[in-house]
Amino acid sequence: DDDPLQLARLYEKLEERDIALGQCEQICRLEQTRDALSKELLGDHHGALKLYAELMNTEESEGFESCEVLPTEVEKKQWETGYINCVRGLLAWTNLKTNIEADFDRIDEIWDFATHGKSRLQHYMRALVGLTTKPSTEGPELVAWVDDCWSNETLADRRHVLETEFGIETSLALLLDQHKDPAMAKELLKREKDRFLSIWSDNIGPVVKRDQLRRLHRVIELDEYVRVVVDNVDGAHDLISAWSERIPSHGDDDKDSWDFVLTNRISLCTRLKQVCNLSQSVKHAINASIAKLYLSMAKVALAQTSTTVAEPYLDQALKWDRSDLSTLHYSLGKVKLLMAQSGDATLTTKAQLSILQDANDVLSAEETLLMSSSTFDCAKYHSLWGQLLGRMLEMQEKAGVRGISVESVTEKFSQALKLTEADVSCRSLAPKVLFKLAMFCDRTADRDKDMPECGSPVVWMYIDSMLRAMALGAAKASQ
């Protein structure tokens, strides 16, 4: 029974999360556990989180005692692992912190590693780091947590753990503490760099190398911050400019690996505004940089089909900087469209229509901003709006209500095509728009029970669009 779990852990280390979940499913007895795993795999962290919480609550109240099928011990471990993965994916740090604290009569018991191991402390420190981005009149809880161990001589053993095993998190806490000299973090960061060199010099495998490089990334950015506020080697503007270009690639990077970087940057940038006399242009550059990182994280999440994760990232990007509304609103509309098209069996027609209407409102609100957008962005925008309205039409027909017309859908696609014809830089979009239009016409024709034998305008539009898409090299159209 343990073999699939060992394989799952291996694949999880390799960030092959889908294969890891598949291995776990082999040893799950309860259908509810398999449902939770499936939702997590599909990126529905909200749904998976709810199921994991229900399973753990049932176990705590001994609700499985009367069941014919009992969960395995491996399965129970997966509930907690899955719960934490979903919480991290949703950036729900308060939930994670509260959940861990509920396991102890006093949170100090978390230091009893002989009884509880160190995983609880690792997750708790992650939650505290995540919460440093939340405004608080009393300051970040991470600062108080570290200060208790740092200043109390009777807790030297805890301070040793923080210095040796949580050097990056402790450095962040020291830099955010207004009563501590930022130079105190320099020694910890130096140790982290020495630690990296020591591990790197050994004969280590690719997984360990990747993990160490990710740690080094965080160390470097903390060190860059120290150089600005302590040594004043580089100016704040240069630092923010460098960070603004250092963003994840949605094709190559994993969202989880950037969560720490995102949290650190937000916390450090907020502190930078407090300790340095910054110009308005630098403050604006900071906000734009954070928004850009959030937007990049959303694109990574979308590439991994995590639509429920991408949407809050986009919401945060809008809060930090509204100067690039066209890109942000376009992306937000796309997220909502993908959510409605996800095929989630739990989503009713009414619920899908509600999501689609929200997305339609987003795109409608942006229409006046298109004057300042590029022709390429405008073409993408109208194509997306055509897809959105097409989906709404299908859902309305299914619900037996009227609203969107076929003509209003094809008009959006036509507007996109006119833009691709008017600007050479947009020509690459044309085959994609034509194929999307053809597929809409095909679905519409299939639903038309009163079509004459000679066909209808929508059928002829399908034929025309598909042939033009093929002529322009659309691979999907040829297939």
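**Pocket, core and charged pairs in a helical protein**

The lining of the second largest pocket draws at least two residues from each of H16, helix H18 (325-340), helix H20 (375-399), helix H22 (430-447) and helix H24 (475-478). The model in which this pocket appears is a predicted one. Among the contributing elements, H20 gives the most to the lining of this pocket, namely nine residues. The volume of the second largest pocket is about 1,000 Å³, and 36 residues line it. Lying nearest the centre of this pocket are Tyr-330, Lys-334, Leu-384, Gln-387 and Lys-436. What is the make-up of the lining by class? The lining of the second largest pocket consists of 21 nonpolar, six polar and nine charged residues.

The setting of this pocket is the fold as a whole. The secondary structure of the protein comprises 24 helices and zero strands. Along its principal axes, the C-alpha trace extends over about 90 × 65 × 45 Å. Of the 479 residues in the protein, 46% are buried. When contacts between residues at least 6 apart in sequence are considered, 63% of them join residues at least 24 apart.

The nonpolar interior comes next. The largest nonpolar core contains 127 residues. Helix H16, which covers residues 280-303, supplies the largest share of this core, with eleven residues. The residues with the most contacts inside the core are Tyr-52, Ile-110, Trp-111, Leu-121, Leu-142, Trp-145 and Leu-272. Ile-110 offers a view of the surroundings of one such residue: leaving aside residues up to four places away in sequence, it touches Ile-100, Phe-104, Gly-117, Arg-120, Leu-121, Tyr-124 and Trp-145. Two of these neighbours, Leu-121 and Trp-145, also belong to the residues with the most contacts inside the core.

H16 thus appears both in the lining of the second largest pocket and in the largest nonpolar core. Ser-296 also lies in this helix. Is Ser-296 buried or exposed? Ser-296 counts as buried because its relative accessibility is 9%, and buried means under 20%. Apart from residues up to four places away in sequence, Ser-296 touches Ile-247 and Pro-248.

Charged residues form another part of the picture. Side chains of opposite charge can pair when their charged atoms come close. Over the whole structure, a search finds 27 salt bridges. In one of them, Glu-192 is paired with Arg-215, and the closest N and O atoms are 2.8 Å apart. This pair links distant parts of the chain, for Glu-192 belongs to helix H12 (residues 184-200) and Arg-215 to helix H13 (residues 206-231), with their positions 23 residues apart in sequence. Both Glu-192 and Arg-215 are buried.

A further salt bridge joins the side chains of Arg-265 and Glu-221, with an N to O distance of 2.8 Å. Arg-265 is in helix H15 (residues 255-275) and Glu-221 is in helix H13, so this pair ties together parts that are 44 residues apart in sequence. Arg-265 is buried, its relative accessible area being 1%. Glu-221, at 4% relative accessibility, likewise counts as buried.

Asp-211 and Arg-210 also form a salt bridge, in which the closest N and O atoms are 3.1 Å apart. How exposed is Asp-211? Asp-211 has a relative accessible area of 27% and is therefore partly exposed, since this class lies between 20% and 50%. Arg-210 counts as partly exposed as well, at 21% relative accessibility. Elsewhere, Arg-159, Glu-163, Glu-187 and Arg-191 are connected in a network of salt bridges.

Glu-192 and Arg-215 return in the description of an enclosed space. The structure has one cavity of 30 Å³ or more. The volume of the largest cavity is about 40 Å³. Which residues line the largest cavity? The lining is formed by Glu-192, Arg-195, Phe-196, Gln-212, Arg-215, Leu-216 and Val-219. H12 and H13 are the elements that give two or more residues to this lining, and H13 gives the most, with four residues. By class, the lining of the largest cavity has three nonpolar, one polar and three charged residues. The salt bridge between Glu-192 and Arg-215 therefore involves two residues of this lining, and both of them are buried.

Key:
Residues are numbered from 1 along each chain as its sequence is written. This is a predicted model: local features need pLDDT of at least 70, side-chain atom pairs count only at pLDDT 80 or more; totals for chains, interfaces and linings use all residues. Side-chain values use heavy atoms; hydrogens and water are left out. A nonpolar core is a set of buried Ala, Val, Leu, Ile, Met, Phe, Trp, Tyr and Cys residues joined through side-chain atoms within 4.5 Å. Buried means under 20% relative accessible area, exposed over 50%, partly exposed in between (1.4 Å probe, protein chains only). Contact means heavy atoms within 4.5 Å. On a 1 Å grid over the protein atoms alone, a cavity is a set of points where a 1.4 Å probe fits but cannot get out, and a pocket is an open set with protein on both sides within 12 Å along at least five of seven lines; lining residues have an atom within 4 Å of a point. Grid points are joined across faces, edges and corners, and a volume is the space filled by probe spheres set on the points. Ala, Val, Leu, Ile, Met, Phe, Trp, Tyr, Cys and Pro count as nonpolar, Asp, Glu, Lys and Arg as charged, and the others, Gly among them, as polar. A salt bridge is a side-chain nitrogen of Lys or Arg within 4 Å of a carboxyl oxygen of Asp or Glu.
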